[in-house]
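Work through the exercises below with the sequence and the model open. Each task is followed by a solution in steps.

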Amino acid sequence: MGKRIVFDESRCTFCHLCTMFCSLAFGQNGVHEIRPSIARIRAVENSEGNCYVAHVCLQCEDPACAEACPSEAISVDPGTGVVNIDEELCTGCGSCIDACEYGCVFMADGKAVKCEVCDDPLCVMACSEKALSIEETDWETVRQQAKLYREVPL
């Protein structure tokens, strides 16, 4: 069991509020701004424009991103199961991005970033349609979300 942000594609309206509010949480040097390029969640649509997906880290049990990281900047918190990136150790090589089969690791300001399940995630609070929720769940429950990420890649 672990805390994860779960996405319900049937509720998403592709408003991008999740990415906007997520970016507010990760301002730098005390500056908090709406800058989706630093958000830890990405909203994408399929080629037909009829399916929307919020790509957010699935918190894999055995994360390929951690295995691929040459600087050992990625680790799993043994208590929560959350996959974390230490920005001080990250060299920005992109190995983790290539290794993540779900497209949940991104580059922001020269460092790899991903959802690390904030205590009070602004993306979840901002979603008026309740397409995002934070849940204590196991990996098996998240497999459908993983399947959707493969169908609607970044």
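Helices (H or I, at least four residues) and strands (E, at least two) are DSSP runs, numbered from the N terminus. The model is a predicted one.

**Exercise 1. Locate Q59 and state its phi and its burial class.**

Step 1. Q59 is found in the loop between β3 and α2 (64-68).
Step 2. The phi of Q59 is positive, about 55°, although Q59 is not a glycine.
Step 3. Most residues other than glycine have a negative phi.
Step 4. Buried means under 20% relative accessible area. Q59 has 2% relative accessibility and therefore counts as buried.

**Exercise 2. Do the same for H16.**

Step 1. H16 belongs to the loop between β1 and α1.
Step 2. H16 is not a glycine either, yet its phi is positive, about 70°.
Step 3. The relative accessibility of H16 is 28%, so this residue counts as partly exposed.

**Exercise 3. Find the aromatic pair, classify its geometry and place both partners in the chain.**

Step 1. The count comes to one aromatic pair.
Step 2. Its members are F14 and Y52, with 4.7 Å centre to centre and 10° between the planes.
Step 3. Planes under 30 degrees apart count as stacked, and the pair of F14 and Y52 is stacked.
Step 4. F14 lies in the loop between β1 (2-7) and α1 (17-25), while Y52 is in strand β3 (residues 52-55). The two are 38 residues apart, so the pair links distant parts of the chain.
Step 5. Y52 has a relative accessible area of 22% and is partly exposed.

**Exercise 4. Which rings have the charged end of R40 or R42 over them?**

Step 1. For R40, the ring is that of F26, and the charged end is 3.9 Å from the ring centre.
Step 2. For R42, the ring is that of F106, with the charged end 4.2 Å from the centre.

**Exercise 5. How many disulfides does the structure hold, and why do C22 and C115 form no bond?**

Step 1. A disulfide needs two cysteine sulfur atoms within 2.5 Å.
Step 2. For C22, the closest cysteine sulfur is in C123, at 5.9 Å, which is too far for a bond.
Step 3. For C115, the closest cysteine sulfur is also in C123, at 6.1 Å, again too far for a bond.
Step 4. The structure holds zero disulfides.
Step 5. As to burial, C22 has a relative accessible area of 7% and is buried; C115, at 6% relative accessibility, counts as buried too.

Key: Residues numbered from 1 in each chain as written. Predicted model: local features only at pLDDT ≥ 70, side-chain atom pairs only at ≥ 80, totals over all residues. Heavy atoms only, no water. Phe/Tyr/Trp six-rings, centres within 6.5 Å; stacked < 30°, edge-to-face > 60°. Buried < 20%, exposed > 50% of the residue type's maximum accessible area, 1.4 Å probe, protein only. Lys NZ or Arg CZ within 6 Å of the ring centre and 35° of its normal.
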